[in-house]
Amino acid sequence: MQNNTFSTLFIGQNLIKLSSVDSTNNYLRNLTSSNSEPLPEGTVIMADHQFAGRGQRGNVWHAAPKKNLTFSVLLKPNFITAEHQFLINILVSVAINVVLAKYVPLGLSIKWPNDIYVNDKKIGGVLIENTIVGSNIKQSIIGIGLNINQSVFEDELKTSAVSISQILQQDVNLMVLLNEICVQLEQLYLKLRLGKEKTLQELYTSKLYRLNQIAKYIYKGKVFDGVLEGVSSTGLLRIKPLNDDVLEFGFKEVAFV
Ligand code: BTN
């Protein structure tokens, strides 16, 4: 184990810092499959620079080197069933949200399933890759990308991305923030392990982007107006179209306009 000064019991105690890697998720997955000794739960891989960072839906994750947080966390939540794997999305997005709220008190939300937003701009994204054995989750590789000290984004992200330093007009210490996220993640994970998923689910719902607002969505190429009411126990997005009953949507089925 590499030593560090994080104030946690296990998340981030084995911290591997890389200057450059394709993707911290790939690196962590390779480590879990090649190590003869099992990698400790809570192992964190962080990189100054990812040259092939991966996002959801096969997208590329762009992050200027040394300006942002790009890291992956290994959890072994074998107490969570495959059916309830969305609990990990909830855990991670709530933990990030709680920490970032100390820096950005206004306009922070979680855009389903786990994008972190400030008003209408994305400040962070999460890529969760679970390994399921039988009916439970054997391991979860949780990749987190947060825009921290990047002051300029490339053209295609200019209108959709934002960083903490753009909001605060000052830089934030990346390692301090990483420690805070590990602490929060660990606290909520231990709660989850004690069966307190309801509290977490309620926190998640209360932070949802567009909760209880009338807004436009696209389903099968058609735009409709609806009110986002929350998520189902398996993580489906619940939207009530105006003049219709509530519908539940899976990831990729519905898009926010
Ligand atoms: C998204 O919103 O599309 C998810 C972005 C996830 C990016 C992080 S950065 C660290 C980890 N390594 C990756 O290749 N992706 C995740």
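These legends guide you through several close-up views of a predicted model.

**View 1. The ligand and the residues around it.**
Start with the neighbours of the ligand: there are 20 residues around it, and those that come nearest are Ser-23, Gln-50, Arg-54, Gln-56 and Lys-122. What kinds of residues make up this shell, by class? Polar residues number 12, alongside five nonpolar and three charged ones. Helix H1 (24-34) and the strands S3 (69-75), S6 (121-133) and S7 (136-146) each supply at least two residues of the shell. Of these elements, S6 gives the most, with four residues.

**View 2. Polar atoms that meet the ligand.**
Zoom in now on single pairs of atoms. In the side chain of Ser-23, an N or O atom is 2.7 Å from an oxygen atom of the ligand. For Thr-24, a polar side-chain atom lies 3.2 Å from a nitrogen atom of the ligand. Which part of Gln-56 takes part, backbone or side chain? Here a backbone N or O atom lies 2.7 Å from an oxygen atom of the ligand. How much of the ligand does the protein bury? Taken alone, the ligand exposes 410 Å², and the protein buries 98% of that.

**View 3. The largest pocket.**
Where does the ligand sit? Its place is in the largest pocket, which has a volume of about 730 Å³. A total of 37 residues line this pocket, and Gln-56, Asn-59, Trp-61, Asp-115 and Lys-122 lie nearest its centre. You can trace the lining through the elements that give two or more residues to it: H1, S3, strand S5 (115-118), S6, S7 and strand S12 (254-256). The largest share, four residues, comes from S6. By class, the lining of the largest pocket has 16 nonpolar, 15 polar and six charged residues.

**View 4. An enclosed space in the protein.**
Rolling a probe the size of a water molecule over the atoms shows where empty space is left. How many cavities of 30 Å³ or more does a search of the whole structure find? The search finds one. In the largest cavity there is about 50 Å³ of space. Look for its lining residues, among them Ala-47, Asp-48, His-49, Gln-50, Trp-61 and His-62. Further along the chain, the lining also includes Ala-63, Ala-64, Lys-66, Lys-67, Asn-68 and Thr-70. Strand S2 (residues 44-50) provides the largest share of this lining, with four residues. By class, the lining of the largest cavity has four nonpolar, five polar and three charged residues. Two names are worth finding again: Gln-50 is also one of the residues that come nearest the ligand, and Trp-61 is among those nearest the centre of the largest pocket.

**View 5. Two spots with unusual backbone geometry.**
Most residues other than glycine have a negative phi, and most peptide bonds are trans. Which two residues does a cis peptide bond join? Trp-112 and Pro-113 are the pair, and omega is about 0°. You will find Pro-113 in the loop between strand S4 (108-111) and S5. Gln-169, a residue other than glycine, has a positive phi, near 60°. Look for Gln-169 in the loop that runs between helix H3 (164-168) and helix H4 (174-193).

Methods: Residues numbered from 1 in each chain as written. Predicted model: local features only at pLDDT ≥ 70, side-chain atom pairs only at ≥ 80, totals over all residues. Heavy atoms only, no water. Near = heavy atom within 4 Å. Polar contact = N/O pair within 3.5 Å; in protein donor to acceptor, adjacent residues only side chain to side chain. Areas by Shrake-Rupley, 256 points an atom, 1.4 Å probe, with all protein chains shown as cover. 1 Å grid on protein atoms, 1.4 Å probe; cavity = no way out; pocket = protein on both sides within 12 Å on 5 of 7 lines; lining within 4 Å. Sits in = over half its atoms within 2 Å of the grid points. Nonpolar A, V, L, I, M, F, W, Y, C, P; charged D, E, K, R; others polar. Points joined across faces, edges and corners; volume = space filled by probe spheres on them.
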